Amino acid sequence: MNQTSPDEAPAYVVGLDAGGTRTRAVLAPVEEDEPEGEGVSGPGNALTVPGPQLTEHLAEALARAVPEALRGRVVAVAGGFAGASRTAPDEPGRVRAHAALTVALRRLGIDAAEVEVHSDIEAAFASAPGHPADGLALVAGTGAVAARVTARACTTTAGGDGWLLGDDGSGFWIGREAVRVALRMADGRGGPTALGASVGRALGVPEDVLPPGAPGPYGDASWTRARHEAYRMHLLPAVMDRPPVHLAELAPLVAEAAGHRDAVAQGILEGAADHLSGLVRALEPRPGERIVATGGLLGPDGPLTALLSARTQPLGLTLDWVPDGSRGAVALARLGHDMGYGMGHDAGHDG
C-alpha cells in the first residue's frame, strides 16, 4: 500500500476526462477531499485526435489544473479517454493515449508513480455516487456508446463505433440528421421544418437564400425553386469544409426547434432516443440495474433525458446522471495509488 506520511507534504492525484469535445483535468488530494484545481482544453479522443495534438491538449489541461509548485507532489494519474479500451495491453487507443499522456506529464515535470489509462466509459461510471464497480453505463454526447462495467472495467459494449460507422443517437447523429432534413426540404423530398433556416444560418448560408424561418408549405412563393438550389449549393460545401464531428454543434438547434413543436425536429429526437434505448437493450439489462449516464444529451436539462427515461422505465431501469468522468478518474487514480499498479509499470507503452 502506498501511504503518505503525516510528516510529508500532501500528495495529490490527477483525473482526466478526455472526450470527443474537450479534455478536462482535475487535481485533488490523495485523500478523499474536494478537488483543488481544474483545467480544460481541446478534444481528447485517442483514436481520432492526432498524437501531437492530443499531447498538446493533455499538457494544456494539466498545466491549468496543476500549479507548478504542486507538480512534484502528484503520485498518481488516471485518464478516461474516448477511443481507448483496456481489453488488451496493446489496444491501439490505449497505447496512443498512454504515449501522449506520458509525453505531456514529462513536459510538465509530473513524475507520478502510477499512470493508468481507462476508457471514458469507465471513468464516467466511477463518477457516480459511491464510485460503483458494477453496472451499466451510457454515454450520449458527441458520440454514443453503452457498456456493461464489471469490477470497474468494461466487459461488453454496444455502439461507440465513431461518426462514420456508428454513434447512432449521439450529438453528431442529431446534427447530421438536422442537415439531412434541411437538404430534403430543399429538394422536395421532405416536409417543412424550421431547421432549414436555423441550420443554414448556423453554417453561414446567405440570408437571401434561406427558407422561411417558420415552417410553411413547400410551395411558399417566398422561397422559389432558384432559392432552393442556391440554398443547397451553399449548404453542402459549408458542411464538407468542416470536420464531420463538428455537426454535433447543430444538435441544440434540433432541441430548440422541437421545443417549439417542430414535428421534424421532434422526430429526430425520438429517433435518437430509440437508438440509445437500443444500445441499453443490447446489453441485456437486468431489472433494477443501475445505469450511470453522462453527456449533454442526458443531463438534467438534456433534450433526450425524458424521452430515454420513458423507454428504460419499462425495463425496470432508472438513469443516474453524472456531468462527466473527471470525478471518476480521480477516484480511479486514488485506487491506483492505493493498489500500487498502473500502466506506468508496463514496458513498451510509451509509444
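The paragraphs below go through this structure from its first helices to its larger core and its five-stranded sheet. The model is predicted.

Start with helix 1, which covers residues 51-65. Its 15 residues, at 1.5 Å a residue, should span 21 Å, and the C-alpha atoms at its two ends are 21 Å apart, which agrees. Several residues of helix 1 are buried: Leu54, Thr55, His57, Leu58, Ala59, Ala61, Leu62 and Ala65. An α-helix has 3.6 residues a turn, so residues three or four places apart point the same way. What lies over the buried residues of helix 1? The cover includes strand 1 (12-18), strand 2 (23-29), strand 3 (37-41), strand 4 (74-81) and helix 2 (92-108).

Helix 2 can be checked in the same manner. It has 17 residues and reaches 25 Å from its first C-alpha to its last, close to the 24 Å expected at 1.5 Å a residue. At its start, a side-chain oxygen of Glu91 comes to within 3.1 Å of the backbone nitrogen of Gly93. Gly93 is also one of the buried residues of helix 2, along with Arg94, Ala97, His98, Ala99, Ala100, Leu101, Thr102, Ala104, Leu105 and Leu108. The cover over these buried residues includes strand 1, helix 1, strand 4 and strand 5 (114-119). Just after helix 2 comes Gly109, with a positive phi of about 75°.

Strand 5 is next. How many of its residues are buried? Six of its six residues are, and the strand is mostly covered. Both faces are covered: Glu114, Glu116 and His118 are buried on one side, and Val115, Val117 and Ser119 on the other. Strands of a sheet pair through backbone hydrogen bonds, either parallel or antiparallel. Strand 4 and strand 5 pair in the parallel sense, over six bridges. One pairing to find in the model is that of Ala76, whose bridge partner in strand 5 is Glu114.

Now turn to the largest nonpolar core, which has 50 residues. Which of its residues touch the most other members? They are Ile174, Val179, Leu195, Val199 and Leu235. The elements giving two or more residues to this core are strand 6 (135-140), strand 7 (144-150), helix 5 (171-187), helix 6 (195-202), helix 7 (225-240), helix 8 (251-259), helix 9 (263-282) and strand 9 (290-294). Helix 5 gives the most, with ten residues. Val199 shows how such contacts are spread: leaving aside its neighbours within four places in sequence, Val199 is in contact with Ala178, Val179, Leu235, Leu250 and Leu253. A second, separate core has 30 residues, and Leu58, Ala59, Phe81 and Val117 are among them.

Val199 is also one of the buried residues of helix 6, together with Leu195, Gly196, Ala197 and Gly200. The cover over these residues includes helix 5, helix 7, helix 8 and helix 9. Helix 6 is followed by Gly204, which has a positive phi near 80°. In helix 7 lies Arg232. Is Arg232 buried or exposed? A residue counts as buried under 20% relative accessible area, and Arg232 has 18%, so Arg232 is buried. Not counting residues up to four places away in sequence, Arg232 touches Leu183, Ala186, Asp187 and Pro237.

The open sheet has five strands, in the order 8-7-6-9-10, with mixed pairing. Its edge strands are strand 8 (153-159) and strand 10 (318-321), each of which pairs on one side only. On average, neighbouring strands of this sheet are turned by 30° against each other, direction ignored. Strand 6 and strand 7 run antiparallel and are joined by six bridges. In strand 7, Ala144 is the bridge partner of Ala140. Helix 9 lies across strand 6, strand 7, strand 8 and strand 9, and runs at about 25° to strand 7.

Two loop residues complete the tour. Asp167 is in the loop between helix 4 (162-165) and helix 5. Asp167 has a positive phi of about 60° although it is not a glycine. Arg261, in the loop between helix 8 and helix 9, is also a residue other than glycine with a positive phi, near 65°. Their surroundings can be read from relative accessibility: Asp167 is buried at 10%, whereas Arg261 counts as exposed at 71%.

Notes:
Residues numbered from 1 in each chain as written. Predicted model: local features only at pLDDT ≥ 70, side-chain atom pairs only at ≥ 80, totals over all residues. Heavy atoms only, no water. Helix = DSSP H or I, 4+ residues; strand = E, 2+ residues; numbered from the N terminus. Expected span 1.5 Å × (residues − 1). Buried < 20%, exposed > 50% of the residue type's maximum accessible area, 1.4 Å probe, protein only. Contact = heavy atoms within 4.5 Å. Core = buried A, V, L, I, M, F, W, Y, C linked by side-chain atoms within 4.5 Å. Pairing = 2+ DSSP bridges. Axes fitted to C-alpha atoms, helices over the stretch in contact; angles between N-to-C directions. Polar contact = N/O pair within 3.5 Å; in protein donor to acceptor, adjacent residues only side chain to side chain.
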